[in-house]
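Visitor: Hello! Could you walk me through this model, one question at a time?

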Amino acid sequence: MHIYKDGEKSKGPCETCRKLVSTTFRYAPLNYGGRVIPDVLQDFCDACGSSVSIPQQSSFVVREYRRAQYNHSLEFRIPPHHRDILIAIGMTHNISHKPNTLFRIISELYLSKISLPQGQKVKKKILSAMGDDLAKGASKSRLSCLFPDTAYSALRDISEEANVKTSSIAKGIIVTAKYDILDNLDKELAKEFEELAAERL
Ligand SMILES: [Zn+2]
């Protein structure tokens, strides 16, 4: 990996200037998913000042920042066949075979939708999946994972609003994912799952 330094000169295509321009690497705040990460090395166009690219070394800074946001450690007890569902989803999509990792990604996928306009539909789907036959069974397996702020507050909101335990919601999410992603009944969502996994792993 080539490591660039603050103030180093380079060249690159600028989308704003629509041509190859000379550039300078500088540490500056980076907008990332609605948040600002301070001090990320970026390559700036000398003519218009826009950020032209982000060097590889900065992708690690971004990844570390994202990791640090996973700060709510949660534990759930689930039926063993839920662990199997998670592993089956992970293996059929070539993502991971670790139930904890898979649950973190799957729950983030669903919980991030709750705050969107179509969120009510997703919430209903998860709550009704809690009554599905697949949601039943002695909870002998354990899941433990780190939740990002947004997913954690969405989980707490549904839990309070519907007056159900967070572990029941976890089961509802796994059963919903079984139909949507493992059985591929929601092809668009299955694709979103793969994209989110690629981003998170
Ligand atoms: Zn430019």
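Guide: Gladly; what follows is a short round of questions and answers about this predicted model.

Visitor: Which residues coordinate the zinc ion?

Guide: The donor atoms are SG atoms, and they sit at 2.3 Å from the zinc ion. In sequence, the donor residues follow the spacing C-x2-C-x27-C-x2-C. They are Cys14, Cys17, Cys45 and Cys48.

Visitor: Why does the arrangement of the 4 donor atoms around the zinc ion count as it does, and what is it called?

Guide: Four donors need all angles between 85 and 135 degrees for this class. Around the zinc ion the 4 donor atoms subtend angles of 105 to 113 degrees, so the arrangement is tetrahedral.

Visitor: Is cysteine 48 buried, partly exposed or exposed?

Guide: Let's begin with another donor, cysteine 45, which is buried at a relative accessible area of 2%. The buried class ends at 20%, and exposed starts over 50%. Cysteine 48 has 36% relative accessibility, so this residue is partly exposed.

Visitor: Which side chain makes a polar contact with the side chain of threonine 23?

Guide: Threonine 23 lies in strand 2, residues 19-32, and is buried, with 0% relative accessibility. Its side chain reaches the backbone nitrogen of lysine 11 at 3.4 Å. The side-chain to side-chain contact of threonine 23, at 2.9 Å, is with aspartate 43.

Visitor: How much accessible area does the nonpolar patch of Met1, Ile3 and Phe60 have together?

Guide: One member, isoleucine 3, is found in the segment before strand 1 (9-14). Met1, Ile3 and Phe60 form this patch on the surface, and their accessible area together is about 320 Å².

How values were computed:
Residues are numbered from 1 along each chain as its sequence is written. This is a predicted model: local features need pLDDT of at least 70, side-chain atom pairs count only at pLDDT 80 or more; totals for chains, interfaces and linings use all residues. Side-chain values use heavy atoms; hydrogens and water are left out. Patches are made of residues with over 30% relative accessible area and no salt bridge: like charges are joined within 9 Å, nonpolar side chains (Val, Leu, Ile, Met, Phe, Trp, Tyr) within 5 Å. Accessible areas come from the Shrake-Rupley method with a 1.4 Å probe; for residues, only the protein chains shown count as cover. A salt bridge is a side-chain nitrogen of Lys or Arg within 4 Å of a carboxyl oxygen of Asp or Glu. Helices (H or I, at least four residues) and strands (E, at least two) are DSSP runs, numbered from the N terminus. Donors are N, O and S atoms within 2.8 Å of the metal (3.2 Å for Na, K and Ca); water is not among the atoms, so sites may look incomplete. Four donors count as tetrahedral if all angles lie between 85 and 135 degrees; four count as square planar and six as octahedral if opposite donors are over 155 degrees apart and all others between 65 and 115; anything else is irregular. Buried means under 20% relative accessible area, exposed over 50%, partly exposed in between (1.4 Å probe, protein chains only). A polar contact is a pair of N or O atoms within 3.5 Å; within protein, one must be able to donate a hydrogen and the other to accept it, and residues adjacent in sequence count only if both atoms are side-chain atoms.
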